[in-house]
Structures are given as C-alpha cells and as structure tokens.
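Me: I have a model open and want to talk through it. Can you take my questions one by one?
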Amino acid sequence: MSQLRTVLTGALRTDARLLSTGIEILGVQVLAVRPEADVERALQTPVREQLQSEADRAVYERRAVAVERERTISENEMASQIELATRREHLVAQEGANARRQAEEKAAAGLIEARASAERQGITTTAEANQIRLVGEAAAAREAATMEVYRDMEQATLLALALREAAGSLPSIGNLTITPDLLSGALAGLFREPAGAGAPAASATGRLEK
C-alpha cells in the first residue's frame, strides 16, 4: 500500500491539468484497492477452491480417522469373539474329556466288581462242589464199609436185617403171619444141625401179633 501511495502522489503532483488549476497535491491516502466484480470473482476462485479443498481434505481426514477407529473397534470385537469361541471350545473339550474319564472310571469299577463277583461265585461254586464231592465220598465209603460187613453175614441174618429195616418204614401192622413156605429157606439155615449129625431140617410156623 505504501508503494502504491508513493506512485499515486508522484503522478498527481506532476499532472498538468491539476497544475493548471492551481491545485497542489499534499499527500495521497489509499483506503482500499478493489478490482472489478468479474476480476474479483476470478481472483477469489483459487482461494475459494483452495479453502474448499482444505475443507474437503479435513472432512476426508476426519472420515478416515472415524473409519480407522471403527475398523479398530471391529477388530477388537472380532478378536474378543474369537477368544470367547476358543475358550468355549476348550471348555466343551474339557467337559467331554471329564465325561469320558468318568465313564471309563465307572466302566472300570463295574468290570472290577463283575470280576470280583465272578471270583466269589467261582469260589462258592468250587466250595459247594468240594463239599458235595466230600459228602459223596463219605457216603460211598460208608456204603462200601456197610457192604464189607454184610458180605460175610449169613443169608438168614441179612434177611432178618432187611425185615427190620422194612418194618421201620411200614405203617402200623395189626397182624402178621409168616408161613413155612415164606421162610423155609431162611429158617433152614438157622435150624440146620452141624454137618454129620444127620438130623432132618425142621419147619416152623410163626404168628406175630402187634
């Protein structure tokens, strides 16, 4: 502005028309310099474009910052979800492992119990079989001893023993008749005389009342 004022002051002081009128230029004050409207608009266009560009860049930068923040937030949320899913998977796997271990332990305990029961049953069965075998052996031995005793007895004695055994198992008998024909063979042995005596065999008739 000072340069423009100096130029205008010098030009006006040397202007012939002003000198001819007797006007002396003491000084020039420049208040404002304004171009024409078209020139002013042409001059303002780059400035407006620059300002608009700067405004657009600021908006873009703000949007870019907002998008970056949203992306960071989304990534953090996704990472959290992945972490939760991983923990849930580990928890499900651990629960499955615990369930399998409990089932295996229960099955093992059942197997042990079944084996123990089978062993106890086997021991009981073996003991019963041994007991039966011992009883059978004792009965057989008694029977063998009894037969050994009966083997050397007379026929009449055996018949008498048989009758006594039969009498113990028969119901009560009021009258019993024994004919000579029934006991002729047995009594012949009882009444037979020693060899060489020449005595005839005796016959007997008995009646037993009860």
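Reply: Yes. One term to begin with: buried means under 20% relative accessible area, exposed means over 50%, and partly exposed lies in between. Also, this is a predicted model.

Me: OK. What share of the residues in the protein is buried?
Reply: Of the 210 residues in the protein, 4% are buried.

Me: And how much area does the protein expose?
Reply: About 18100 Å², with carbon and sulfur atoms supplying 58% of that.

Me: How many helices and strands are there?
Reply: Five helices and two strands. Along the sequence they follow the pattern α-α-α-α-β-α-β.

Me: Contacts next. Of those with a separation of 6 or more, what percentage is between residues 24 or more positions apart?
Reply: That comes to 51% of such contacts in the protein.

Me: Let's look at single residues. Where is Thr9?
Reply: Thr9 sits in helix α1, which covers residues 2–13.

Me: Is Thr9 buried or exposed?
Reply: Thr9 counts as buried because its relative accessibility is 12%, and the cut-off for buried is under 20%.

Me: What does Thr9 contact, leaving aside its neighbours within four places in sequence?
Reply: Gly27 and Val28.

Me: Which residues form the nonpolar patch on the surface?
Reply: Leu4, Leu8, Leu12 and Val33. Together these residues have about 300 Å² of accessible area.

Me: Take Leu12 from that group. Which helix is Leu12 in?
Reply: Leu12 belongs to helix α1.

Me: And why does Leu12 count as partly exposed?
Reply: Because the relative accessibility of Leu12 is 34%, and partly exposed runs between the 20% and 50% cut-offs.

Me: Changing topic: how many salt bridges does the structure hold?
Reply: Six. Three of them are worth going through, starting with Arg71 and Glu68.

Me: How far apart are the closest N and O atoms of Arg71 and Glu68?
Reply: They are 2.2 Å apart. Both residues lie in helix α3, residues 37–151, and three residues separate them, about one turn of the helix.

Me: Why do Arg71 and Glu68 count as partly exposed?
Reply: Arg71 does so because its relative accessibility is 39%. For Glu68 the value is 37%, so Glu68 is partly exposed as well.

Me: What about Glu83, which residue does it bridge to?
Reply: Arg87, with the closest N and O atoms 3.1 Å apart. Glu83 and Arg87 are four residues apart in helix α3, so about one helical turn separates them.

Me: How do Glu83 and Arg87 count for exposure?
Reply: Glu83 is partly exposed, with a relative accessible area of 39%. Arg87 reaches 54%, so Arg87 counts as exposed, the cut-off for exposed being over 50%.

Me: And Glu137, what is its partner?
Reply: Arg133 is the partner of Glu137, and the closest N and O atoms are 3.0 Å apart.

Me: How are Glu137 and Arg133 placed in helix α3?
Reply: They are four residues apart, so about one helical turn lies between them. Glu137 is partly exposed at 42% relative accessible area, and Arg133 is partly exposed at 42%.

Me: Last one: which residues do salt bridges with shared partners join into one network?
Reply: Glu68, Arg71 and Glu75.

Conventions: Residues are numbered from 1 along each chain as its sequence is written. This is a predicted model: local features need pLDDT of at least 70, side-chain atom pairs count only at pLDDT 80 or more; totals for chains, interfaces and linings use all residues. Side-chain values use heavy atoms; hydrogens and water are left out. Patches are made of residues with over 30% relative accessible area and no salt bridge: like charges are joined within 9 Å, nonpolar side chains (Val, Leu, Ile, Met, Phe, Trp, Tyr) within 5 Å. Accessible areas come from the Shrake-Rupley method with a 1.4 Å probe; for residues, only the protein chains shown count as cover. A salt bridge is a side-chain nitrogen of Lys or Arg within 4 Å of a carboxyl oxygen of Asp or Glu. Buried means under 20% relative accessible area, exposed over 50%, partly exposed in between (1.4 Å probe, protein chains only). Contact means heavy atoms within 4.5 Å.
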